[in-house]
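Thanks, everyone; I would like to take a few minutes on how the helices in this model pack and on its nonpolar core. Please have a look at it first.

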Amino acid sequence: MRLSSTSAGILCLVSGIAIFSVQDLILKLISGDYPLHQAMMLRSLAAVPCLLLIVRWFDGGFGGLLSRTWPAMLGRGLLNFAAYTAYYLALAALPMATTVALYFTAPLLITVLSVVVLHERVSARRWLAVLAGFGGVLIMVRPGGALFDWAALLPVFCGFAYAGSMILARTMGTRDSAAAMAFWGNIAFLLCAAGLSLWFGRGGAADDLHPSLAFLTRGWVMPTTRDLLMMASCGVIAAIGLTLLTQAYRIAQSSVVAPFEFTFAFWGILWGWLFWGDLPDAFGWLGIAVIVAAGIYVLRAEPAPKPAPVPQTG
């Protein structure tokens, strides 16, 4: 059975979120010992050959990388870098629950921008699904009162930047492939991480700074073999994850796939249980149920694909 573009987009998004959650886990495990720009640079270097293989496989060649639109793809990558950097810097200072809850403004913003920028028509059912999914996340994480910290602005900024990036994926998708956009996005990551490494690589009195600034300005550290392999593995994860997320918003309506961003919360629970022995309480399971119900609601609201017309014979 052939999937509709909407179903394929949802599948790409859910898969991309699951794959990217592994990178989040790795960065959390090493965040106390290494600077963010070091991890980002090693990750981006490792991702280059993987992305070239993906471009060659899916696009049949490298012509799309050399098209006149590469500056626009690079610009979208810079927006993505800003989003992810803000998110990881917030994690260094804020509780995970607060950071996740503030980041999950992104699906709401994507839905709003899909109406304002793309002029998509969003039904009341899908607005309800987005709001229900957001409510499910709030039930799960129940953010505390640490919002006075200026770092609380970082995940909100991440939500805006990420929403803008995915809206651009939708508008640029008519002329650029997901693989090409992911490649140039990774080049943007590499250039920005290299710039930060040159600026902060020698380090300084990072321990006396705000936790977010310390994570940004800490000097390079010689990694162990294990940690080096972990950071390099993020390159493979990012290559596949970026391609899937970009493809999701490229082929399907942004307002339809946006509610499935909330599945990120599932993976946070899974990794927390496997690595730190944390399990959701009753409110956590209630939030999961609300998110699942919202996703099913979106799927059921999707019109069934029309069958191809049967050719008439004389």
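I will begin with the ground rules, then take the core, and then two helix pairs.

This is a predicted model, in which local features need pLDDT of at least 70 and side-chain atom pairs count only at pLDDT 80 or more, while totals for chains, interfaces and linings use all residues. Residues are numbered from 1 along each chain as its sequence is written, and side-chain values use heavy atoms, with hydrogens and water left out.

The largest nonpolar core, meaning buried Ala, Val, Leu, Ile, Met, Phe, Trp, Tyr and Cys residues joined through side-chain atoms within 4.5 Å, where buried is under 20% relative accessible area with a 1.4 Å probe, protein chains only, has 85 residues, and those with the most contacts inside it are Phe-104, Tyr-162 and Tyr-249. Helix α8, residues 178-200, gives the most to this core, with 12 residues; helices here are DSSP runs of H or I, at least four residues, numbered from the N terminus.

Which helix runs alongside α8? The axes of α2, residues 36-59, and α8 come within 8 Å and cross at roughly 160 degrees, and because angles over 145 degrees count as roughly antiparallel, α2 is roughly antiparallel to α8.Helix α7, residues 153-172, and helix α10, residues 225-251, pack at about 60 degrees with their axes 7 Å apart, which makes α7 oblique to α10. Among the residues making that contact, with heavy atoms within 4.5 Å, are Tyr-162 and Met-166 of α7 and Tyr-249 of α10.

Technical notes
Buried < 20%, exposed > 50% of the residue type's maximum accessible area, 1.4 Å probe, protein only. Helix = DSSP H or I, 4+ residues; strand = E, 2+ residues; numbered from the N terminus. Axes fitted to C-alpha atoms, helices over the stretch in contact; angles between N-to-C directions. Parallel < 35°, antiparallel > 145°, perpendicular 65-115°, else oblique.
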